[in-house]
Amino acid sequence: MSTLTIGGSQLDSSWFLLLGAILFTLGTVGVLVRRNPLVILICIELMMNAVNLTLVTFSRQLQNLEGQLFALMVMTVAAAEAVVGLAILVDIFRVRDVEDVDDLSELKG
C-alpha cells in the first residue's frame, strides 16, 4: 500500500480502508438491528460515507481524480436521499404515531 500525505504527516492508505470498513460495518449493523426509521436513515448515510472514504482513498492512491468525482456525486445523491427520506418520515409521523419500522409494513390509511 502507498502512503498518503495529510497535513504534513504520512499515513498508510490501509488505515483509511480499515476506517471505511469499520464505518460500513457499523452502518450495516445499525440497519439490521435498529427498528427506528430515523436511525436506519442515519445508518444508511454512514454506510455511504464509508464508501466515499474508500473511493477517495483509492483515487488518491492511484493518482486518479475519477474516484473523487464519483464520491462527490454520491454525496449529492445522499443529500437528496436524506431530504426525501426525512420528508416521507415527517409525513408518516404526522398522519400516525409510528416508532417501529415493522408498523410501517401495513400502509393502510
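The following exchange concerns the helices of a predicted model.

Me: In what order do the elements of the protein run from the N terminus on?
Reply: The protein contains 3 helices and 2 strands. Read from the N terminus on, these elements follow the order β-β-α-α-α.

Me: How do H2 and H3 lie with respect to each other, roughly parallel or roughly antiparallel?
Reply: Two packed helices are described by the angle between their axes and the distance between the axes. For H2 (residues 37–61) and H3 (residues 66–95), the axes come within 9 Å and cross at roughly 175°. Angles over 145 degrees count as roughly antiparallel. The relation of H2 to H3 is therefore roughly antiparallel.

Me: How many nonpolar residues does the contact of H2 with H3 have?
Reply: The two helices have axes that come within 9 Å. Sorted by class, their contact has 4 charged and 5 polar residues, and the nonpolar residues number 16.

Me: What distance separates the end C-alpha atoms of H3?
Reply: H3 has 30 residues, and at 1.5 Å a residue these should span 44 Å. The computed separation of its end C-alpha atoms agrees with that expectation, at 44 Å.

Me: Which helix is included in what covers the buried residues of H3?
Reply: The buried residues of H3 are Gly67, Ala71, Val74, Ala78, Gly85 and Leu89. Asparagine 52, found in helix H2, touches two of these, Ala71 and Val74, as well as Met75. The cover of the buried residues of H3 includes H2.

Me: Is asparagine 52 buried or exposed?
Reply: Asparagine 52 is found in helix H2 and touches Ala71, Val74 and Met75. Its relative accessible area is 7%, and the cut-off for burial is under 20%. Asparagine 52 is therefore buried.

Me: What separates the C-alpha atoms of leucine 41 and glycine 85?
Reply: Leucine 41 has its place in helix H2 and is buried, with a relative accessible area of 17%. Beyond its neighbours up to four places away in sequence, leucine 41 touches Glu81, Gly85, Leu86 and Leu89. Although leucine 41 and glycine 85 are 44 residues apart along the chain, the separation of their C-alpha atoms is 7.4 Å.

Me: What share of the area that the protein exposes do carbon and sulfur atoms supply?
Reply: Of the 109 residues of the protein, 22% count as buried. The protein exposes about 7500 Å², and the share of this area supplied by carbon and sulfur atoms is 69%.

Notes. Residues numbered from 1 in each chain as written. Predicted model: local features only at pLDDT ≥ 70, side-chain atom pairs only at ≥ 80, totals over all residues. Heavy atoms only, no water. Helix = DSSP H or I, 4+ residues; strand = E, 2+ residues; numbered from the N terminus. Buried < 20%, exposed > 50% of the residue type's maximum accessible area, 1.4 Å probe, protein only. Contact = heavy atoms within 4.5 Å. Axes fitted to C-alpha atoms, helices over the stretch in contact; angles between N-to-C directions. Parallel < 35°, antiparallel > 145°, perpendicular 65-115°, else oblique. Nonpolar A, V, L, I, M, F, W, Y, C, P; charged D, E, K, R; others polar. Areas by Shrake-Rupley, 256 points an atom, 1.4 Å probe, with all protein chains shown as cover. Expected span 1.5 Å × (residues − 1).
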